[in-house]
Amino acid sequence: MAVQPAVSTASRTAVVTGGGSGIGLAVAQRLRTDGRTVATIDLKPSSQDDLSYTADVTDRSQVDTALAAIRDRLGPVTILVNAAGLDGFQRFGNITFKDWCKVIDVNLHGVFHTIQAVLPDMVAAQWGRIVNISSSSAHSGQPFMAHYVAAKSAVNGLTKSLALEYGPKGITVNAVPPGFIDTPMLRNAETQGFLGDVEQNIARTPVRRIGKPEDIAAACAFLASDEASYITGQILGVNGGRNT
């Protein structure tokens, strides 16, 4: 007999890290459109969002404080989307260990902190959805981004391990590695000359357009739904066919 979730669909609370801009913001907006109650965690939260909380995901005490405030206001957290991220562009030989640790800390350790912090809510509810935003660079590699690619590759591995461990508890864990997505992070990299010609990148994309944050949000919304209950441990690429 299937275990019935202890938390009703209507009362499910979602947390989106990195929800102040880019992909995280789009995910938060989409989940709200779908009827979820959504709180965001970001270093620079939106001033127009009264459900945004300031926290550095690399600092467990800040994560715990933000989540405690969210629980007090909205109840247990049963949906988590990890969209907080930090890129970096350096030749591998020039990456200092401090640089390496900073990128790993945000992109991998931040995911560790937030997942571990919300899991008790999901286990108690016997229902949970975790979606980790990784990167298509984990499939293809990317020059001058060794630390970033290493972190995002580790997120994919963590996703698969947790899916096996927590599936019996009614919790699914999946990852969405975005492709070439039009975000402030991408445009900043373009300005610094790290991406080459954007139009050439679009021309190499089979669907012949740059991705939008809303494309990633749509995938996350599905994976966070009841309909995706038989999908876990998967790496769902949203990349316009650039990586298959």
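**Fold and selected residues of the predicted model**

Arg208 is found in the loop between helix H7 (198-203) and helix H8. In this predicted model, Arg208 has a positive phi of about 60° although it is not a glycine. With a relative accessibility of 56%, Arg208 counts as exposed, because the cut-off for exposed residues is over 50%. A second non-glycine residue with positive phi is Gln126, where the angle is near 60°. Gln126 lies in the loop that runs between helix H3 (97-125) and strand E5. Its relative accessible area is 25%, so Gln126 is partly exposed.

The protein chain as a whole contains eight helices and six strands. In sequence order, these elements follow the pattern β-α-β-β-α-β-α-β-α-α-β-α-α-α. The radius of gyration is 17 Å, close to the 18 Å given by the globule rule for 244 residues, so the chain is as compact as a globular protein of that length. Along the principal axes, the C-alpha atoms fill a box of roughly 50 × 35 × 35 Å. Buried residues account for 48% of the 244 residues. Of the contacts between residues at least 6 apart in sequence, 71% join residues at least 24 apart.

The accessible surface of the protein chain is about 11600 Å², and carbon and sulfur atoms contribute 54% of this area. The chain carries 21 positive and 21 negative side chains. The centres of these two sets lie 4 Å apart.

The unreviewed UniProt entry places the feature "domain: Ketoreductase" at residues 12-179. In the model, this span is 48% helix and 19% strand. The C-alpha atoms at its two ends are 29 Å apart.

Helix H8 covers residues 213-223. Its buried residues are Pro213, Ile216, Ala217, Ala219, Cys220, Ala221 and Leu223. In general, an α-helix has 3.6 residues a turn, so residues three or four places apart point the same way. The cover over the buried residues of H8 includes helix H1 (22-33) and the strands E4 (77-82), E5 (128-133) and E6 (171-176).

Helix H1, which is part of this cover, contains Ala28. The relative accessible area of Ala28 is 1%, and the residue is therefore buried, as the cut-off for burial is under 20%. Leaving out residues up to four places away in sequence, Ala28 touches Val16, Val38 and Thr40. The C-alpha atoms of Ala28 and Asn107 are separated by 19 Å, and the two residues are 79 apart along the chain.

Arg187 is placed in helix H6, which spans residues 184-191. Its relative accessibility of 32% makes Arg187 partly exposed. Apart from neighbours within four places in sequence, Arg187 is in contact with Asp182, Val198 and Ile210. One of these partners, Val198, is eleven residues from Arg187 along the chain, and the C-alpha atoms of the two are separated by 9.4 Å.

Methods
Residues are numbered from 1 along each chain as its sequence is written. This is a predicted model: local features need pLDDT of at least 70, side-chain atom pairs count only at pLDDT 80 or more; totals for chains, interfaces and linings use all residues. Side-chain values use heavy atoms; hydrogens and water are left out. Helices (H or I, at least four residues) and strands (E, at least two) are DSSP runs, numbered from the N terminus. The radius of gyration is taken over C-alpha atoms; the globule rule is 2.2 Å times the number of residues to the power 0.38. Buried means under 20% relative accessible area, exposed over 50%, partly exposed in between (1.4 Å probe, protein chains only). Contact means heavy atoms within 4.5 Å. Accessible areas come from the Shrake-Rupley method with a 1.4 Å probe; for residues, only the protein chains shown count as cover. Lys and Arg count as positive and Asp and Glu as negative; His and the chain ends are not counted. The place of a charge is taken as NZ of Lys, CZ of Arg, CG of Asp or CD of Glu. UniProt positions are given in the numbering used here, feature names are shortened, and annotations may be inferred rather than shown by experiment.
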